[in-house]
Amino acid sequence: MAGRDFSKLPVWKRMGTISLDEMDSIKLMNRVDTKFVTDGDALVRVLDSAADQGYRVCLIEEHPVTAYYSVYYDTPDLFMYTAHETGRKTRQKVRVRTYLISGDTYLEIKRKQNNGRTKKKRIPLPVEERMDFAGDLTAAAFLEEKSWFKAADILPECTTEFDRITLVNAAKTERLTIDTNLRFHNFRSGRDASLKSAVIIELKQDGRMPSQMKGILLEHRIHPLRISKYCMGVMLTDPQARSNRFKEKLRMVEKIINDKIDRYESNS
């Protein structure tokens, strides 16, 4: 299913740009992350306001919008998904992420700490190993050292595909990732799903500085909403997965986009 193409928006002609190398050099040492959900029409208005406020867009090979493909791994009993669904404060996710424009691929481990902070560790991985890296001694050792899991204990559960826009403010005190056209595929059930016109925005800011972007989002009536792309993907595609904790999230997203999102109804 083709999604909306945000790469042709006129706003890019008047928004400043920043390179990936310069973006990578921005270190937010006291970082606070906040997620928001909106729809495509509101996003266009947000981008116009961001350009007015001096935000710059990160260009990757001259493109303001780039495609991502992630394979999320989990245990056969969905330990990582269930930890989130049951509200466990300390949890982990294991994924292999590919930047489709370049083919660069990384094995990534995200750790949520009980203080609410998230830390990510990653190493490069050959793209042909993204569905099975157990035979890669370096990757397997990295996983065992940095996570609670061994390569033999986890399997590909769900993919997420989306298009991403990345902005940074003029003072370089906050970054914004904007994910559109979110699609999912589940290996266990064979089910595909999407979040339709929903847009997930994640604001990464220096916690010591005021946020311009929070003001812009509030101006456009966009409010914080904690949401996990992986967990939404599993609940939409795996009828055996517990989903009670996420049903209200789904209803909130549907209200925001004014559309029904299809899913398997589980018995949980």
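Start by selecting Arg4 and Asp41: their side chains meet in a salt bridge, with N to O at 2.9 Å. Keep in mind as you look around that this is a predicted model.

Now colour the backbone around that pair. Arg4 sits in the segment before S1, while Asp41 belongs to helix H2 (residues 40-52), so the contact ties together parts that are 37 residues apart in sequence. Turn on the surface and you will find Arg4 partly exposed, at a relative accessible area of 39%. Asp41 is partly exposed too, at 44%.

**Next stop: the strands**

Select residues 16-19, which form strand S1, and residues 56-59, which form strand S3; the two run parallel and are joined by 4 bridges. To line them up by eye, find Gly16, which stands opposite Arg56 in S3.

Stay on S3 and add residues 155-168. This is strand S8, and S3 pairs with it in the antiparallel sense over 2 bridges. Here the residues to show are Val57 and, opposite Val57, Leu167 in S8. If you display side chains along a strand, a general rule helps: in a regular strand they alternate between the two faces of the sheet.

**Then: Glu22 and Lys172**

Which residue forms a salt bridge with Glu22? Select Lys172, and check the closest N and O atoms, which are 2.8 Å apart. This pair links distant parts of the chain: Glu22 lies in helix H1 (residues 20-24) and Lys172 in the loop between S8 and strand S9 (174-186), 150 residues apart. Glu22 is partly exposed, with a relative accessible area of 26%, and Lys172 is partly exposed at 34%.

**On to S8 and S9**

Show Arg183 and Glu161 next. Their side chains meet in a salt bridge, at 3.7 Å from N to O. Arg183 is in strand S9 and Glu161 in strand S8, 22 residues apart. Are these two buried, exposed or partly exposed? Arg183 has a relative accessible area of 27%, which counts as partly exposed, and Glu161, at 25%, is also partly exposed.

**Last stop: a network**

Finish by selecting Arg14, Asp48 and Asp52 together. A network of salt bridges links these three residues. As a general point, side chains of opposite charge can pair when their charged atoms come close. If you would like to keep exploring, how many salt bridges does a search of the whole structure find? The total is 19, and the pair Arg4 and Asp41, where you began, forms a salt bridge.

Methods:
Residues are numbered from 1 along each chain as its sequence is written. This is a predicted model: local features need pLDDT of at least 70, side-chain atom pairs count only at pLDDT 80 or more; totals for chains, interfaces and linings use all residues. Side-chain values use heavy atoms; hydrogens and water are left out. Two strands pair if DSSP finds at least two bridges between them. A salt bridge is a side-chain nitrogen of Lys or Arg within 4 Å of a carboxyl oxygen of Asp or Glu. Buried means under 20% relative accessible area, exposed over 50%, partly exposed in between (1.4 Å probe, protein chains only).
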